Amino acid sequence: MSNSHIMEGRSPVPFLMLFLVTFLVSVSKGDLLAPVIGSSNPLAQGLPVFNEEPKDNYYMVKNKPVIISCKATPAILITYVCAGKKMPAKQQVNLELIDPVSGIKTLQSSLELTKEEVEEYYGSDGYWCECYAWNTVPGSSDPQSRKSNRAMVEVAYLKRRFQRVPMSQTMELQSTVELQCLPPEGKPLPEVFWLKDGEMIEVWKEINFIISSEGNLIINQARLKDTGNYTCGAQNPASRRFSESAVLTVFVNGAWSTWSQWTECSAKCGKGTQRRTRTCTDPAPLNGGASCAGEAVNRIACTSICPVDGLWSPWSSWSTCSPDCIHHRRRSCDNPAPANGGEYCIGNDLASANCTGGMCRATSRAEDGENIPMYIGLCVAVAVFITVVVVIVIVMRRRKARQQGVFNRECLSTDSTINSMTDEEKKITKNGELLSMQPDLTQTVVTVQHALPPDSPNNNHMMEKQPLYDVPDINAHHRLSGTLPKNSKMMLVEPTLNHNLTSSLEQLSVCDNKNTLLVPSDNRLSQCDNLQDSRQSMISVQLPSTIDADGVTWSTFDSCGGRLVLPESGVSLLIPEGAIKEGHVEEIYLAICRDDKDRPKLNDNQTILSPILLIGPPSVVLLKPVILSYQHCASMRQGGWILSLFHSDSPIDEPPHWKKMVTLGHETINTPVYTQLDPNQCHIMGEQLQRYAIIGESVPGARAIKILRLAAFAPASPPSMDYSIRVYVVEDTQDALEGVIQMEKKLGGRLLDKPKQIPFQDCGNNLCLTIEELSPGWRSKLAANYQEIPFRHIWSGNQNNLHCSFSVELIDRAQFSVSCKIQVYQKGVLNNRQVIRISSNLKEKLPPCVTPSSTLKGRTSTVTTNSTVSSGFSSMVALDPSAQVFRLPPHIRHQLCMLLDPPNARGNDWRMLAQALTVDRYIIFFATKPSPTEHILDLWEARHREETAVTDLMNILRVMGRMDAAAVLEKDMGSWL
């Protein structure tokens with residue numbers, strides 16, 4: 001900080017003598033235009049301005065002197081004060097620079113300090129120097145000075161012994177390796193570098209290598225060529241040191257090749273063996289890697305059926321003698337027949353011989369001649385028959401051709417008539433039948449799902465009949481109905497949507513078909529001028545048309561950061577200070593996607609455990625991660641989960657295409673996010689603004705448990721005869737219950753009992769619901785008071801607000817109250833049973849969705865920000881500029897980072913802080929950041945919003961043994977802790 005003062009309490013004689021000497025030097029150089037004390041040149045008067053100030057730190061290397069320099073304009077004299085002592089002029093070297101146009105003098109001075117001067121000073125504040133620039137000031141007879149920044153001068157050194165040396169390691173191929181190194185103590189702090197086999201590792205070229213902020217070498221994915229000797233080096237201006245080398249061995253575990261084909265059975269007849277082989281070469285073990293477990297040869301028993309050769313059966317008896325005096329006999333190769341590859345019988349199966357013994361009778365040529373006329377007549381008759389058939393066929397074809405000509409002329413006239421008809425008349429006259437499309441209210445209403453493309457990534461498209469517990473249709477009175485015609489398989493019914501702008505304050509409006517979200521104000525938008533007034537509440541970025549107005553909030557932020565909160569949904573977004581570039585202003589939104597089309601498509605083993613969240617816009621460039629916080633419904637006490645973070649970077653106006661970003665516990669150095677999973681909360685640190693969701697599945701052989709929330713609703717208005725009870729089964733998150741409440745508001749329903757939790761196990765068993773102890777005067781309309789929700793509809797289904805309904809009928813009109821209990825349990829898991837008790841007075845008039853204050857509050861979206869940028873919030877979004885967004889002010893955070901970022905031999909640095917705050921599951925994420933402590937504190941701000949958070953942090957620092965860091969909190973914030 002610059003300062004000025006008058007030379008009070010000092011004799012002006014030494015100063016005037018020094019000035020006179022300086023003036024004479026100027027005159028001797030011919031510089032007669034140089035300003036002097038009391039000069040009338042206004043440009044040469046006034047307090048000096050430093051063009052160059054001393055650096056913050058100077059380090060003295062060995063016996064070399066330190067040169068401190070400064071430059072000021074306008075100035076007539078520069079002096080130095082070091083460690084409270086005025087330095088003699090003989091140690092200074094001055095240089096005058098004069099502007100040839102204005103004549104203003106710039107004085108440049110340098111001071112030379114020796115090692116002895118620095119070492120002789122034993123003050124606790126260290127050896128320091130300040131530069132004073134002097135000049136005349138109008139209205140003052142004495143010169144005045146301006147003081148420069150204070151420069152610290154220290155003797156540079158670097159000790160020999162490393163505080164932590166790298167250790168030899170043996171790592172598996174493709175694994176992440178971290179070689180630790182803590183350099184020796186030194187001033188200034190030494191810079192760490194690494195050598196591999198004596199060669200410098202250039203981390204800016206080798207993307208597989210990263211040197212963390214504390215000096216550790218991180219190898220992202222170990223390769224075979226990374227095997228070698230690694231040496232940690234440290235250097236500063238004083239010296240350069242090398243640690244002992246550590247040997248890194250990258251080994252490869254062996255893996256079996258595929259099995260060969262089975263050999264033939266060793267025995268050609270009877271029992272034998274078959275074998276197949278494999279080799280441990282895919283890959284082969286290397287560098288001490290484990291050999292393949294198991295056998296290289298596999299044998300099984302086999303049985304070969306013995307071949308059977310064929311044998312002849314006995315000859316048959318001789319046939320009668322033929323006119324040619326020859327008779328025959330036969331035999332077969334079936335005594336036994338050849339089988340299983342046996343040989344066929346050798347020889348002929350037919351034998352012929354001449355007849356003997358007078359058995360051959362003679363025939364005459366006359367008898368043969370008598371048969372010739374008979375053969376000729378038969379041939380003539382066949383020819384006549386064929387001729388008659390051909391004639392008949394020709395005549396029939398000609399007659400048919402004449403009839404076809406007449407029909408074609410009639411068709412031409414009919415087609416011209418049809419072409420002149422409208423589409424509706426064509427439908428009516430098709431096949432001569434009249435098809436009526438008017439709804440038949442006496443028939444069963446058929447609801448048909450809209451078909452989506454087979455490759456749609458949005459959800460599971462079940463084509464079977466929808467169950468009784470489908471999502472209620474809040475526009476049921478606008479639904480078209482119809483009956484299935486005879487022999488028809490499907491009737492497509494297009495639903496009619498009611499786009500009434502004034503129907504509800506919570507309805508999402510679309511402006512100019514651009515999907516621009518408009519959150520209505522408290523007054524209904526029924527006039528065009530109201531629409532003009534509501535422009536202040538319009539977000540300027542594009543949002544999906546499926547986003548509900550009660551599930552979105554936004555604000556503008558600058559480099560000071562801020563926080564977006566949807567309190568009823570338990571969702572928040574923390575934008576840390578410095579996440580947005582200095583001087584830039586960004587509009588950021590936070591939205592919840594409750595439409596079924598936004599849910600990921602799951603396989604039978606997967607289940608969704610969190611709300612579908614959208615933050616954006618994706619075009620925002622962030623300098624550091626933001627923290628997205630929301631609830632999940634996985635039961636972490638029992639464990640057995642494989643949890644994955646899914647994301648979708650699809651354009652806003654397209655259906656989301658979900659992809660796995662990371663499986664928790666399998667992160668690598670290239671994983672762009674850090675996921676902190678607490679018992680009920682999930683926090684995501686990342687720089688990508690897009691859709692996010694947590695999806696889980698059971699570990700093989702385990703049965704994971706997710707927690708469900710049960711909520712029973714019924715119409716708020718008294719029923720005439722029927723009373724419908726809707727029991728919702730949703731994920732146990734604040735947002736899932738909020739979505740049900742918002743739907744029941746539109747249906748006019750009210751909550752019958754406090755929502756209750758029930759564990760749901762991944763065992764394939766359905767969820768059962770029974771209605772019992774129904775009060776007198778009522779009866780159930782169902783044949784059985786029992787319903788089941790299939791397991792896969794709950795575990796891997798694609799529906800929000802899943803529910804089933806119980807309908808009861810009033811049979812005694814004198815009754816004005818209804819009570820019952822609904823038992824809910826998972827089949828085969830009777831321990832996880834929950835009971836919903838219902839008691840309702842039908843005469844009592846209650847507003848829709850009467851719920852406990854802890855369950856349902858007035859819809860407000862809290863937006864807190866440290867910036868002074870104006871925001872275009874609607875009346876539904878409350879901005880609280882006085883709220884404490886960040887618990888730690890910037891200057892305290894900076895001091896904590898300066899204290900905890902540097903590693904030390906005791907290990908009570910930022911790593912111990914991460915361990916104490918239980919955020920050390922994937923600590924490499926923080927190690928790769930310029931300031932690990934800063935990112936840990938950002939995550940701490942998002943996780944700990946309780947009033948005692950700062951006090952708890954102070955106690956953690958004390959337990960770590962960092963009294964210096966705890967003192968920073970206590971000194972600056974102790975007044976309100």
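**Figure 1. Pairing of strands β50 and β51 in a predicted model, with Cys 820 and Ile 838 as bridge partners.** In this predicted model, the bridge partner of Cys 820 in β51 is Ile 838. The two residues belong to a pairing in which strand β50, residues 817–826, and β51 run in the antiparallel sense over ten bridges. Both strands are part of an open sheet of four strands, whose order is β48-β46-β50-β51 and whose pairing is antiparallel. At the edges of this sheet stand β48 (786–789) and β51 (829–841), each with a single partner strand, so that one side of each is left without a neighbour in the sheet. On average, and with direction ignored, neighbouring strands of this sheet are turned by 20° against each other.

**Figure 2. The open sheet β14-β19-β18.** This open sheet consists of three strands in the order β14-β19-β18, and its pairing is antiparallel. The edge positions are taken by β14 (177–179) and β18 (209–211), each of which pairs on one side only. Neighbouring strands of the sheet are turned by 20° against each other on average, again with direction ignored. Between β14 and strand β19, which covers residues 217–219, the antiparallel pairing extends over three bridges, and within this pairing Glu 178 stands opposite Ile 218 in β19.

**Figure 3. Strand β9 and its burial.** Nine of the nine residues of strand β9 (residues 127–135) are buried, and the strand is therefore largely enclosed by the rest of the structure. Both faces of the strand are covered, with Tyr 127, Cys 129, Cys 131, Ala 133 and Asn 135 buried on one side, and Trp 128, Glu 130, Tyr 132 and Trp 134 buried on the other. For the protein as a whole, 42% of the 977 residues count as buried.

**Figure 4. Strand pairings of β9 with β5, β10 and β11.** Strand β5 (residues 77–82) pairs with β9 in the antiparallel sense over six bridges, and the bridge partner of Thr 79 in β9 is Tyr 132. Strand β10 (residues 144–147) also runs antiparallel to β9, to which four bridges join it; here Ala 133 has Arg 146 of β10 as its bridge partner. With strand β11 (residues 151–155), the antiparallel pairing of β9 extends over three bridges, and Tyr 127 stands opposite Val 153 in β11.

**Figure 5. Packing of helices α9 and α12.** Two packed helices are described by the angle between their axes and the distance between the axes. For helix α9 (residues 890–900) and helix α12 (residues 932–943), the angle is about 130° and the axes are 9 Å apart. As this angle is neither over 145 degrees nor within 65 to 115 degrees, α9 and α12 are therefore oblique to each other, and their crossing is right-handed. The contact is made by Arg 893, Leu 896, Cys 897 and Leu 900 on the α9 side, and by Thr 933, Glu 934, Leu 937, Asp 938 and Glu 941 on the α12 side. By class, the residues of this contact are four nonpolar, one polar and four charged.

**Figure 6. Two cis peptide bonds that precede proline residues Pro 283 and Pro 617****.** Most residues other than glycine have a negative phi, and most peptide bonds are trans. A cis peptide bond nevertheless joins Asp 282 and Pro 283, with omega at about -5°, and Pro 283 is found in the loop between β23 (270–277) and β24 (297–304). Another cis bond joins Gly 616 and Pro 617, with omega at about 5°, and Pro 617 lies in the loop between β35 (612–616) and β36 (626–631).

**Figure 7. Positive phi values at Glu 773 and Thr 918****.** Phi of Glu 773 is near 55°, which is a positive value in a residue other than glycine. Glu 773 has its place in the loop between β46 (767–772) and β47 (778–780), and with a relative accessibility of 57% Glu 773 counts as exposed. Thr 918, although it is not a glycine, likewise has a positive phi, of about 55°; the residue is found in the loop between α10 (910–916) and α11 (924–927). At 47% relative accessibility, Thr 918 counts as partly exposed.

Methods:
Residues numbered from 1 in each chain as written. Predicted model: local features only at pLDDT ≥ 70, side-chain atom pairs only at ≥ 80, totals over all residues. Heavy atoms only, no water. Axes fitted to C-alpha atoms, helices over the stretch in contact; angles between N-to-C directions. Parallel < 35°, antiparallel > 145°, perpendicular 65-115°, else oblique. Left-handed = near helix turned anticlockwise from the far one by under 90°. Contact = heavy atoms within 4.5 Å. Nonpolar A, V, L, I, M, F, W, Y, C, P; charged D, E, K, R; others polar. Buried < 20%, exposed > 50% of the residue type's maximum accessible area, 1.4 Å probe, protein only. Pairing = 2+ DSSP bridges.
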